[in-house]
Amino acid sequence: MLLVACPLTISLSGVYMLAWSRNKEDIIGLKAPKKEKRVKRENRTQPPVEARYVAPKPKITTKSPDRTVDIFDGMTLLDLSKRTGAYISTLQGILADLGEKVESEFDSISIDLAELVAMELGVNTRRMHTGEGTNEPRPAVVTVMGHVDHGKTSLLDALRQTSVAAKEAGGITQHIGAFVVEMASGAAITFLDTPGHAAFSAMRARGAAVTDIVVLVVAADDGVMPQTLEAMSHAKAANVPVVVAINKCDKSGADPERVRIQLGSEGLLLEDMGGDVQVVEISAVAKSGLDKLEEALLLQAEMMDLKARIDGPAQAFVVEARVDRGRGPLATAIVKYGTLTSGQHIVVGAEWGRIRSLRDTAGNITESAKPAMPVEIEGLRGLPMAGDDVVVVDSEERARMLSQGRKKKQEKDRLRKIDESMADELEITEETPERVEMPIIVKADVQGSVQAVTDALRSLNSAQVFVNVVHVGVGPISQHDIDLAQACGAYIVGFNIRSPPISITQAAARANIKVLLHKVIYHLLEEMGRAIVEKAPGTAETQVSGEAEVLNIFELKGRSKSKGPDIKIAGCRITDGHFSKSGTMRLLRSGDVVFEGPCASLKREKQDAEKIEKGNDCGLVIQDCDDFQVGDVIQCLEEVIRKPKFVSTQSGSVRIEC
């Protein structure tokens, strides 16, 4: 049976199929694949329903590593995220790697975890401690500052009836000492004695950072000196009050009024001039005026109403660190808040340990240390840096993790600085003079002296000599130091340490290693300055070595071809300096340069001469020059190698001038 399709049916079905194909994308949930090229619609506001949304991958976006963020105990992940600029998920991932699970952004974390996370992000941190707890009055921490030999240590000697100055080399304090002085009134004051030499500027700055009051010692017979102004700037930067002690008032040339006028002209508002800075006239040697100084300090402390939290973990700062042969690394610290207790796990800078014992300034073992009390900490695994903070942690594991994180952060910062310095070196043009390296190994008695000597030596860097401190350490010179110096050709600088044994001395002599031992930093810097000047390649300069006046002109004519063309000889008299045949001759006429060229002949009484001194007559021939006139001036130019100069000022600062 033959079926014939109706044309109307075929046409209607075609219309429906066409409408379906055109409107199928409008039906929700359906999308037929297309073979033709897909054209992106400009007015599309949302993705297709079937397309799964993929969240962007979290990136670690932190603020500049040079910026420091404040962290505190109990801060939330949200606070840390806002301060560091990192995503919450990134912080949670870092905490998970540390073995800590924090689900909500509002969950609080400890200050140790916050520092670990921030260090992993490469951000510097500053610990902020809350003032919660019992606040009790505490002794004032007083820092004694001033110029060299103005009587700072002698003043402390008079206060505590000891003789520390006699134990210091040359009567000059070489490192910080912390002492508790019991006043006649029964009040206790913690004193910091800081060195007065310019090389120890960083140590004085650390003293001002932990102090409450600064005693500015000025000698009545010497007046205001550069380091007096420097101490004033440190006190101003630390925002601490100043009490002026005009010392040596018993001397014949003392003039306290002149000191007052000088201090007033430098912007220090003294009480005598309507200000609030107390001034006391004393004599440390005669022990006069000390009671007035005591009253001034106690009055200033009472006005400040000094109180500190004694509950909870301690916050302390290292003022000195050294290595003892029997007890290991030791750190002298001053407690600022809380109570430091024997047996606690601590992190000091990048080092950690468990407090084995605490000793007061008299050397007696104590179980705890309260605010403003200096103690010597024993039990550290390594030697910290002077100025490091002391952090109390809960466990040995947390102390180790925090120490490793800080060391890792320090290494990253060190490598970043090296990269920056290398980039700066690449920008130096070829015209820069040759620069040689002078490697140095520094050994000293305490960590503060190591840092100060290292900074002083690095200040001797110049365009010709790069002072490279390859290794520093605390303690005597060892065989390891000799081996390292031999490998890199370094000098060994020992400051305030005992002489090495004969075996070490002989090993250094066999390896031709220079070992410099000093107890006063003046002498150390002077000897190193001379060594640097000797090692410097110097710069080549052209200078006038002599001048001569043309008195007569002689001409040789009719010479054969073998002897050359006719020449003119200038008969001269040397009026200044000397003439050398190897020098370059410059012909001047009425002050203008007429010709400049090498010397072809220099004779004295018909005899060839290499050098002729002032006052003698000579015959001179300049190559390719025959334009001499009587009355002309001839200068002899010589190329000399000029070495840099070692400059030492009255303030104690040193430098190399090229």
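Biologist: What is the relative accessible area of Asp324?
Modeller: This is a predicted model, numbered from 1 along each chain as its sequence is written; local features need pLDDT of at least 70, side-chain atom pairs count only at pLDDT 80 or more, and totals for chains, interfaces and linings use all residues. Side-chain values use heavy atoms, with hydrogens and water left out. Asp324 counts as partly exposed (buried is under 20% relative accessible area, exposed over 50%, partly exposed in between; 1.4 Å probe, protein chains only), and its value is 24%.

Biologist: Which residue meets Asp324 in a salt bridge?
Modeller: A salt bridge requires a side-chain nitrogen of Lys or Arg within 4 Å of a carboxyl oxygen of Asp or Glu. Asp324 has such a partner at 3.7 Å, N to O. The partner is itself partly exposed, at 27% relative accessibility. The residue is Arg322.

Biologist: Which residues are joined with Arg322 and Asp324 into one network?
Modeller: Side chains of opposite charge can pair when their charged atoms come close. Here, salt bridges that share partners join Arg322 and Asp324 with four residues: Arg327, Arg356, Glu376 and Glu378.

Biologist: How many residues apart in sequence are the parts tied together by Lys408 and Glu120?
Modeller: The salt bridge between Lys408 and Glu120 has its closest N and O atoms 3.9 Å apart. Lys408 lies in helix α10 (residues 396-426) and Glu120 in helix α4 (residues 111-121); helices (H or I, at least four residues) and strands (E, at least two) are DSSP runs numbered from the N terminus. Both residues are partly exposed, Lys408 at 44% and Glu120 at 41%. The pair therefore ties together parts whose separation in sequence is 288 residues.

Biologist: Are Arg138 and Asp212 buried or exposed?
Modeller: The two side chains meet in a salt bridge of 2.7 Å, N to O. This pair links distant parts of the chain, 74 residues apart: Arg138 is in the loop between β3 (135-137) and β4 (140-146), and Asp212 is in the loop between α6 (201-209) and β7 (213-219). As to cover, Arg138 and Asp212 are both buried.

Biologist: How many bridges join β20 and β21?
Modeller: Strand β20 (residues 436-444) is mostly covered, with seven of its nine residues buried. Strands count as paired if DSSP finds at least two bridges between them. One bridge here sets Ala444 opposite Val474 in β21. β20 and β21 (residues 465-474) run in the parallel sense, and their number of bridges is nine.

Biologist: What is the handedness of the crossover from β20 to β21?
Modeller: The chain leaves β20, passes through helix α11 (residues 447-458) and reaches β21. A right-handed path runs clockwise from the first strand over the helix to the second, with the strands pointing away from the viewer. This β-α-β crossover is right-handed.

Biologist: Which residue in β22 is the bridge partner of Ile441?
Modeller: β20 also pairs with β22 (residues 491-495), in the parallel sense and over five bridges. Within β22, the partner of Ile441 is Ile492.

Biologist: Which residues form the covered face of β23?
Modeller: β22, helix α13 (residues 502-510) and β23 make a right-handed β-α-β unit, and the two strands pair in the parallel sense over four bridges. In a regular strand the side chains alternate between the two faces of the sheet. In β23 (residues 515-518), the uncovered face holds Val515 and Leu517, and Leu517 stands opposite Gly494. The covered face consists of Leu516 and His518.
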